[in-house]
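Colleague: Could you take me through the salt bridges of this model, one pair at a time? I would like to know where the partners sit.

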Amino acid sequence: MPVPMSSTGLGRISTKMDSRNVVCIWATRCGELALVPSENQLLWLPHTPSAPTKSYKDACQHLLVKYEIRPVGTPEMFLQRIRVGGEWWQRVIFKMETFSKGKVQWVRQSRLSENPLQSDDLLTIELNAGCQLREQSLDETRSHLRQFKSSMDKIFASAQFDADRLHAVASTLFDAVWPCESFHWSVFIELTERLYGGNLKAVTDIYRLCCSRGSTYACVYDVLCVLACLELATDHGDVSGEMRCRLIFRMFDRDEDGMLDPGELASLVHEVEAARTIGGSVDTTRRDLAVAEARKVFDLKEKEKLPLVNFLTGVGNLRFRGTSLLLRAPHSVFEYLDTALAEPGRRSKRRRSPSKTSIDYTLAEHSVRVRRSGAVCDVLSWWNVQEREETSGDGLRGGGISNNKTMDSEISVEGENHNRRDLRLGRTISINAFNERNHSNELLVALRYFEQSVNASEKHKPKEAFSWADVDRNALAACIIKVCTDVKGVLLKEDRLLQLQSPVYILGDIHGNYKDLVCFEKALWRMGPVVTPCTFLFLGDFVDRGPNSIEVVAHLFANKQLAPEKFFLLRGNHEVRSVQRMFSFYTECKTKFGSDMGHRVWEAINSCFDSMPLAAVIDDKLFCVHGGIPPAWLLQRPNADEADSSQKLAGSMEAINSIPKHLPDPEVQSPLAWELMWSDPMCSKTSELFPADTSIEDQDVLYTEDFQANPKRRTAHMFSEKALNEFLHFNGLSHVIRAHEVQQAGFQVQQNGRLLTVFSSSRYCGGSNEAACVLADRQKLRMIRLDTS
């Protein structure tokens, strides 16, 4: 049945870009098809992008008026869609008959192939009644190379085209040709000039590889395959090497007869010799000798042609060398994709690294557990860890580590140091005096003394580990205050939304647990952050609950001052004066330093807390925060349509940078900051989230809202999985990593794998939970659990 033109059409299908959602008209008159020239004077159907506020009928009417076409009867509407990952490219085609001449070029349908068409799609489009919808995935689109699919899968793997990277390149290709489905030579030239800066050699021959024999158009999947073969990382051995050699053979088989004649073979050999030579210049004598040697290798008589099978055999047996240098791009395609394809209006203020590729992260399958010494003692899939947490009354302790000796000997992050006490680390040095020129280093030396136990001797009184003994507390306090002064200056220079690049270790709540912090130090930055090739991000809640909040803050601030570009600190909900007075940090300061000096230390530290950033983004993909995402109404959304209902759930995280840099009272001064510090995710166990006096009916009502009041905290909000997905999508992110809630295994994967909660203080409040951190590196998120037994 024909689909009538209605005010609603087939309904709206939201796409990321208007150019991916196009309305076309297929108007015929006496066996002729209406076409219009494009910018490059190639012919295609009259078409226009579908505006978000207009219906398909409106777009079609606009085309009819523009080109003065009057349809006969009711047009039929056809929807054709192609999916790449989670994105769609669609064209709505209105088919009609007309008798009007219009402002178009009429081409007889039987002679379409004789005209300079934008694409050969017009030769294959089928608009049959009863088939109004056609949906295809990337793997279902046209291709002449799909017959080698198993080989191409090897190519993609070798080129490091994982699913996300492959989708990123395919999206770029479809954006270049849409609403067509195949490339014309001129479009391919324009694309490669953008991707490779005009430095790609032999573009004409490379384009021919993308086309099937006898065709002058290239399908998107085939261009994708050839670009993967061009990557410098693509292996030239085994299956991927054979596929590359097939393409190299065809590249020089310019008459497409399936054989290399003497001239074509000579051209191939010349290219190999030029690639081997600095500057690419080879003298005539050397070239002639190389050609003669090649003909000898392939056992060719005079004027005899070289077939493909003999070429593959010669290369495979390593009798003919140098083909690995051919069919190579000057650089990876992702160098362009990372720097030039940010969507207009999205993350326009974000700083991007030209050497990093903006692709989504995926969860690593395993969680690693390390000893205090840094040796790996347990490797489990993260879902098994969570299952053990849920089924074991004692959490994870005491199980699953039956092969400790094997793990210790075979998988070691850092060898056990049996002579630790022989190392002259100055851990028992007296700290009666402090070096005024480097307060941070002196403070770290003092903390090593605090950590170490000291036996009685002529020089030292006995001291228990993690105690100050008879240290001069006023000198210690003065040093902490001076470090705070330096650190505050550093923090005030940072954006409220940090931009970081992997690799990054991400740690959650510490809560005054200095013993665990020292364990993380020994495992992750034993030699100090300055000489450690990673960045460290702490998600807040450094104080309260535990006995050594002063020491935790002193350690973090000292490292922040020494390595401001390696150590990053976010503010948590316990970095607030009113909260500390309710818990233990304020009392701890006064107990350790006396009423007056303790208050001064407490104020100096809180002055730094007031200046801390609130969130961070890693590789433009990972949003890191203490609490969680804020309600969308607190986020700016530039140029948002007031009628757009999606803005209720999503907004630009760039609003975080508008938060004041000095924030003594965040609850009053910045509701956005308060939400970032306090919010929680909703979970399936709703009964755990509400006070005991909340009725089941009230729970159900609250739980269905995407941002609801947080009954657990009695402040801020909770966010749903839907709200999280909208936030991620709008800001181009893949995951949110947060802290704020204790987890038995030290981490928890939530909300369909897009939310990670990490907690870095073991035995929290006398419990049995483990401590963990997250490593973000090479598009993987790996959970590392700390063995504190």
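Modeller: Happy to; here is a close look at the salt bridges. This is a predicted model, in which local features need pLDDT of at least 70, side-chain atom pairs count only at pLDDT 80 or more, and totals for chains, interfaces and linings use all residues. Residues are numbered from 1 along each chain as its sequence is written, and side-chain values use heavy atoms, with hydrogens and water left out.

A salt bridge here is a side-chain nitrogen of Lys or Arg within 4 Å of a carboxyl oxygen of Asp or Glu. By this rule there are 33 salt bridges.

Take Glu135 and Arg81, whose closest N and O atoms are 2.7 Å apart. Glu135 belongs to strand E8 (residues 133–137) and Arg81 to strand E5 (residues 71–84), so the pair ties together parts 54 residues apart in sequence. Strands (E, at least two residues) are DSSP runs, numbered from the N terminus. Arg81 is buried at 8% relative accessibility, while Glu135 is partly exposed at 40%. Buried means under 20% relative accessible area, exposed over 50%, and partly exposed in between (1.4 Å probe, protein chains only).

Asp680 and Arg713 also form a salt bridge, 2.7 Å from N to O. Asp680 lies in strand E21 (residues 680–681), and Arg713 in the loop between strand E22 (707–709) and strand E23 (717–719), 33 residues apart. Asp680 is buried at 1%; Arg713, at 22%, is partly exposed.

In the pair Glu770 and Arg785, the closest N and O atoms are 3.8 Å apart. Glu770 is buried at 0%, and Arg785 is buried at 1%.

Conventions
Helix = DSSP H or I, 4+ residues; strand = E, 2+ residues; numbered from the N terminus.
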